[in-house]
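Let's take a walk through this structure together, starting with its aromatic rings and ending at its surface. Please have your viewer ready.

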Amino acid sequence: MEQVLSQQEIDRLLSAMTSGELDKEVVEEENELSKVKDYDFRRPTKLSKEYVNTLHMIFEDFSKMGSGVLSTSLRTNVQLQLAAIEQISYDEFIHSIPKFTLLGMFRSQPLNGIQMLEMNPQLCMLLVELLCGGLEIRQMQKAEEDFSEKKSFTDIELSILESVVQSLTEVYEHVWKDIAELNTVVDGLDTNPQLMQNMSPNEPVILATFTVKILETTTFINLCIPYVFFEGIIDKLSFRNWFDTNKTVNSQDTDELQKSMNSVQLELEVLLGNAQMNLSDFLHLAPGDVIKLDRKITEPLVTYIEGKPFYRVRPGRKDGQLAVELIDKLEGEEDE
């Protein structure tokens, strides 16, 4: 915050300028010099603050969707959060990552440039262990220390990690959907960033860093995007375009939403009723025995979705299989 002068200080300044003790031209020159800002030509700022704010929104969506994809694949909770977005040179990015790491390279047609997804060896081996069956937390922490000395990946490990990179690039393609329709294709994997010559060392890039928390392990994932990628969509990164209220929802958007919802798997159960019996009677149950439930056969049954009651149903058969017919939807009548 700029300093605010008191009335006495203002009066003294005016008196000094009137008497000639303070030169007006010197004051104006000092004010002009104070407005000058340093500019590093080795790290040119290509994207304005407004565009970077839009990228924050896009990569926040990437972190949320990426968390869901990784959690589903690993069958454990994964927290992916955006940590920072920087505008640096390609040379700075290469020197900021380990000499041995995993770099997934991919292209997003029709836009230009090669994008890179970087994951360190500790994270890579943690992903491989979980995808191959998982480890106990104590074993995983010990394995993480051993992975720090790893110098190469086996073909099987690279094949497993390529599937992870592929799933994250699909998320990357989806989060850009409102700005540009992309066709993202993985070019391959590399483990030695020092030998890569995909870009000029002075090429400006956008570096998005994400924190990844899996069980007791916290590490990072880096996403490197060259500036040439944004050249074709730079005008679409403004807030005016992002929050355009004139956009209408068409049938294609509705179909895509329905398609995405249809792929969600939910656990559905139908409760036939409850019964109480002695343990001795339970142990002597045999095929053909009848268990008396607390519901009449004429009463409708309750269907549970993910453990919560949703519908009343009537049991029956269809095409030789057990089935239920939806009668009506419950409106909070059953206890959850």
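What follows looks first at ring pairs and then at a nonpolar patch.

Keep in mind that this is a predicted model. Searching the whole structure turns up 11 aromatic pairs. A good one to bring up on screen is formed by phenylalanine 59 and phenylalanine 210, whose ring centres are 6.2 Å apart, with 90° between the planes. Why is this pair called edge-to-face? Because planes over 60 degrees apart count as edge-to-face, and here the angle is 90°.

Now trace where these two rings come from. Phenylalanine 59 belongs to helix α3 (residues 49-74), while phenylalanine 210 belongs to strand β5 (residues 204-214). The two are 151 residues apart, so the pair links distant parts of the chain. Are these two residues buried or exposed? Phenylalanine 59 and phenylalanine 210 are both buried.

Aromatic contacts also go beyond a single pair. Phe106, Tyr172, Trp176, Phe229 and Phe230 are linked by ring pairs into a cluster.

Let's turn to the surface. Here a nonpolar patch brings together Leu268, Val270, Leu272, Met277, Leu279, Phe282, Leu283, Leu285, Ile291, Leu293 and Val324, and together they have about 1000 Å² of accessible area. Two elements, β7 (268-271) and α10 (279-283), give two or more residues to the patch. Of the elements, α10 gives the most, with 3 residues.

Finally, zoom in on one member of the patch. Leucine 268 sits in strand β7. Leucine 268 counts as exposed because its relative accessible area is 56%, and exposed means over 50%.

Notes: Residues numbered from 1 in each chain as written. Predicted model: local features only at pLDDT ≥ 70, side-chain atom pairs only at ≥ 80, totals over all residues. Heavy atoms only, no water. Phe/Tyr/Trp six-rings, centres within 6.5 Å; stacked < 30°, edge-to-face > 60°. Helix = DSSP H or I, 4+ residues; strand = E, 2+ residues; numbered from the N terminus. Buried < 20%, exposed > 50% of the residue type's maximum accessible area, 1.4 Å probe, protein only. Patch = residues over 30% accessible without salt bridge, like charges linked within 9 Å, V, L, I, M, F, W, Y side chains within 5 Å. Areas by Shrake-Rupley, 256 points an atom, 1.4 Å probe, with all protein chains shown as cover. Salt bridge = Lys/Arg side-chain N within 4 Å of Asp/Glu carboxyl O.
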